[in-house]
Amino acid sequence: QVQLVESGGDLVQAGGSLKLSCASSTTIFSINVMAWYRQAPGKQRELVASAISGGTTNYADSVKGRFTISRDNAKNTVYLQMNSLKPEDTAVYYCNAKTWRAGSWGDYWGQGTQVTVSS
């Protein structure tokens, strides 16, 4: 079982920056994929960025060049650095962990943190 706790959401003006954190209850070294999703009002949850344990990262086209995901294995924490924020980045941001254990995937979610970008 993996418990995830996000923090860092806030109200920020367009063009500003925020850094989200996701603390894991278990060592993230053993987690196959750590990712950030977001869900805006009335929209489906979408993948923002992911980081595979081997080091590969992937980003949604809408955030490429502005957001950076990073893993700190020593602190069991994943970060999402968000720069040049836009009003359309407003959403609840969720941390997600996927683990491969005994032939099956485990899928874990945090409670979410609100990011609001004002124009």
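**Figure 1. The surface and overall build of the protein.** In this predicted model, the protein exposes about 6,300 Å², and carbon and sulfur atoms supply 49% of that area. Looking inward, 40% of the 119 residues count as buried. The C-alpha atoms fill a box of roughly 45 × 25 × 25 Å, taken along the principal axes. How does the radius of gyration fit a compact globule? For 119 residues such a globule would have a value near 14 Å, and the protein has 14 Å, so the two agree. Charged side chains come in two sets, 11 positive and 8 negative, and the centres of these sets lie 4 Å apart.

**Figure 2. A chain built from strands.** If you trace the protein along its sequence, you meet the pattern β-β-β-β-β-β-β-β-β-β-β. That makes 11 strands and 0 helices. Contacts also link distant parts of the sequence: of those with a separation of 6 or more, 55% are between residues 24 or more positions apart.

**Figure 3. The largest nonpolar core.** Here 28 residues make up the largest nonpolar core, and Met34, Trp36, Leu80, Met82 and Tyr93 have the most contacts inside it. Which strands supply at least two residues each? They are β3 (18–24), β4 (33–39), β5 (46–52), β7, β8, β9 (91–101) and β11 (113–118). The largest share, 4 residues, comes from β9.

**Figure 4. Leu80 and its neighbours.** Let's zoom in on Leu80, one of the core residues with the most contacts inside the core. Leaving aside residues up to four places away in sequence, Leu80 touches Leu18, Lys19, Leu20, Trp36, Val48, Ala49, Phe67, Thr68, Ile69 and Tyr93. Two of these names, Trp36 and Tyr93, also appear among the core residues with the most contacts.

**Figure 5. The loop between β7 and β8.** Lys75 sits in the loop that joins β7 (67–72) to β8 (77–82). Is Lys75 buried or exposed? Its relative accessibility is 56%, so Lys75 counts as exposed. Measuring from C-alpha to C-alpha, Lys75 and Tyr108 are 18 Å apart in space and 33 residues apart in sequence. Asn76 lies in the loop between β7 and β8 too, and its phi is near 55°, a positive value in a residue other than glycine.

**Figure 6. Ser84 in the loop between β8 and β9.** Ser84 has its place in the loop between β8 and β9. Phi of Ser84 is near 50°, which is positive in a residue other than glycine. With 40% relative accessibility, Ser84 counts as partly exposed.

Note on methods. Residues numbered from 1 in each chain as written. Predicted model: local features only at pLDDT ≥ 70, side-chain atom pairs only at ≥ 80, totals over all residues. Heavy atoms only, no water. Buried < 20%, exposed > 50% of the residue type's maximum accessible area, 1.4 Å probe, protein only. Core = buried A, V, L, I, M, F, W, Y, C linked by side-chain atoms within 4.5 Å. Contact = heavy atoms within 4.5 Å. Rg over C-alpha atoms; globule rule 2.2 N^0.38 Å. Areas by Shrake-Rupley, 256 points an atom, 1.4 Å probe, with all protein chains shown as cover. Lys, Arg positive; Asp, Glu negative; His and termini not counted. Charge placed at Lys NZ, Arg CZ, Asp CG, Glu CD.
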